[in-house]
Amino acid sequence: MGRAAGNRDEWWGAKKAPAPDPVVSHAEPDIPFDPVVVAEEGGVVVVDKPPFLPSTPNGRLVRNTVLRRLRDRFGEPDLTCVHRLDRLTSGLLLVSRDAASRGAYQRLFQAGRVGKTYEALTVVADDWAPGESRDVVVELANVAGERGVRVRDLLLDDGPSADRPAVAAGDAPGVVWRSATTRVTYVGTVAAEVGDVLPGMFGGGHGASCGCGSCGTRMTVGKWRLEPVTGRTHQLRATMAHLGYPILGDDTYPEDRGLDLGDVTRVLRLVATELRYDDPLDGRPRHFRSVRDVADPLAEPRY
């Protein structure tokens, strides 16, 4: 999942100018998908981000990002993403076009005053009932040199002790664990085309041309609704893998498959479907919903 764009107090100030795009010194792979505008109002634009297109420049991809595409489309070099979505995640993204009000929208995310809902697909759940919801709390840690985050069950105590040292066994020095809370609801089963991810769904032993007699590109899978309370890096993807239901198409959890920025064939079935907040300028509630299909995130939504 994504998080508020920036984590320094002074960054939230409305007068800070957006950083210019970094200079590209290498050829970028082409990402042939574009963000779709959902709504324009006041100083913000709501867009529906496709998979594979990063929210912001990251050094390896600059031109092929949501932010650069929007700046070029609108001719507005000061456009800035208020928060971010992972490169592989699809769905709603809030973009600021007004420096004077930008800080107010960023503070909404920083303070956790934005309701966010995601949809995801996994293999069919065998230990959840349709409609069942659980508040799942785990601990996540970023470790230098690792693409994914580490995840473990929440340890309830008041700090380091004999049972839970500041650095747990196997941890590198300086590893910091932070709690991550998600409301997880198992919606039930749906049918979906999953031919692009079949080779990894069952330990690599099945595929669209498998001879087992039951495989095909259209299969019954499990659908989930995910409502993050916190906004940690990769929170939803890591949490679902920890529960035993990695999201279909994930290239990092539970196994790091390596990074290929030009590979747009294996689609993550994770869509940011809703954004809800009280507008900081007029106080009126806002509720935006994506019509992107979690079963086919590459299909361009129409608004």
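A cavity here is a set of grid points where a 1.4 Å probe fits but cannot get out. The views below show a predicted model.

**View 1. The cavity and its lining residues.**
The structure holds 1 cavity of 30 Å³ or more. The volume of the largest cavity is about 30 Å³. Its lining consists of His83, Leu85, Leu92, Lys116, Tyr118, Ala272, Glu274 and Leu275. Two elements, strand 5 (115-122) and strand 10 (270-278), each give two or more residues to this lining. Strand 10 supplies the largest share, 3 residues. Sorted by class, the lining has 5 nonpolar, 1 polar and 2 charged residues.

**View 2. Surroundings of Thr56, in the loop between strand 2 (44-49) and helix 1 (66-74).**
Thr56 has a relative accessibility of 16% and therefore counts as buried, the cut-off being under 20%. Apart from neighbours within four places in sequence, the residues in contact with Thr56 are Leu61, Thr65, Leu67, Cys81 and Arg84. With one of these, Arg84, there is a polar contact between side chains, at 3.3 Å. Leu85 lies 29 residues from Thr56 along the chain, and the C-alpha atoms of the two are separated by 9.2 Å. Leu85 is also one of the residues that line the cavity of View 1.

**View 3. The aromatic pair of Trp128 and Trp224.**
A search of the whole structure gives 6 aromatic pairs. In the pair shown, the ring centres of Trp128 and Trp224 are 5.0 Å apart and the ring planes stand at 80°, so the pair is edge-to-face; planes over 60 degrees apart fall in that class. Trp128 sits in the loop between strand 5 and strand 6 (133-141), whereas Trp224 belongs to strand 9 (residues 218-228). The two residues are 96 residues apart, and the pair links distant parts of the chain. Trp128 counts as buried because its relative accessibility is 6%. Trp224 is buried as well, with a relative accessibility of 0%. Both belong to one aromatic cluster, formed by Trp128, Tyr186, Trp224 and Tyr245.

**View 4. Helix 4 (residues 235-242) and the strands that cover it.**
Helix 4 has 8 residues, of which 7 are buried, so the helix is largely enclosed by the rest of the structure. The buried residues are Gln235, Leu236, Arg237, Ala238, Thr239, Met240 and Ala241. Their cover includes strand 5, strand 6, strand 7 (150-153), strand 8 (178-193), strand 9 and strand 10. Among these, strand 5 and strand 10 also contribute to the cavity lining in View 1, and strand 9 holds Trp224 of View 3. After helix 4 comes Gly244, with a positive phi near 95°.

**View 5. The whole protein, for placing the close-ups.**
The protein has 4 helices and 11 strands. Of its 303 residues, 47% count as buried; Thr56, Trp128 and Trp224 are in this group. Where contacts join residues at least 6 apart in sequence, 70% of them are between residues at least 24 apart.

Conventions. Residues numbered from 1 in each chain as written. Heavy atoms only, no water. Buried < 20%, exposed > 50% of the residue type's maximum accessible area, 1.4 Å probe, protein only. Contact = heavy atoms within 4.5 Å. Polar contact = N/O pair within 3.5 Å; in protein donor to acceptor, adjacent residues only side chain to side chain. 1 Å grid on protein atoms, 1.4 Å probe; cavity = no way out; pocket = protein on both sides within 12 Å on 5 of 7 lines; lining within 4 Å. Points joined across faces, edges and corners; volume = space filled by probe spheres on them. Nonpolar A, V, L, I, M, F, W, Y, C, P; charged D, E, K, R; others polar. Phe/Tyr/Trp six-rings, centres within 6.5 Å; stacked < 30°, edge-to-face > 60°.
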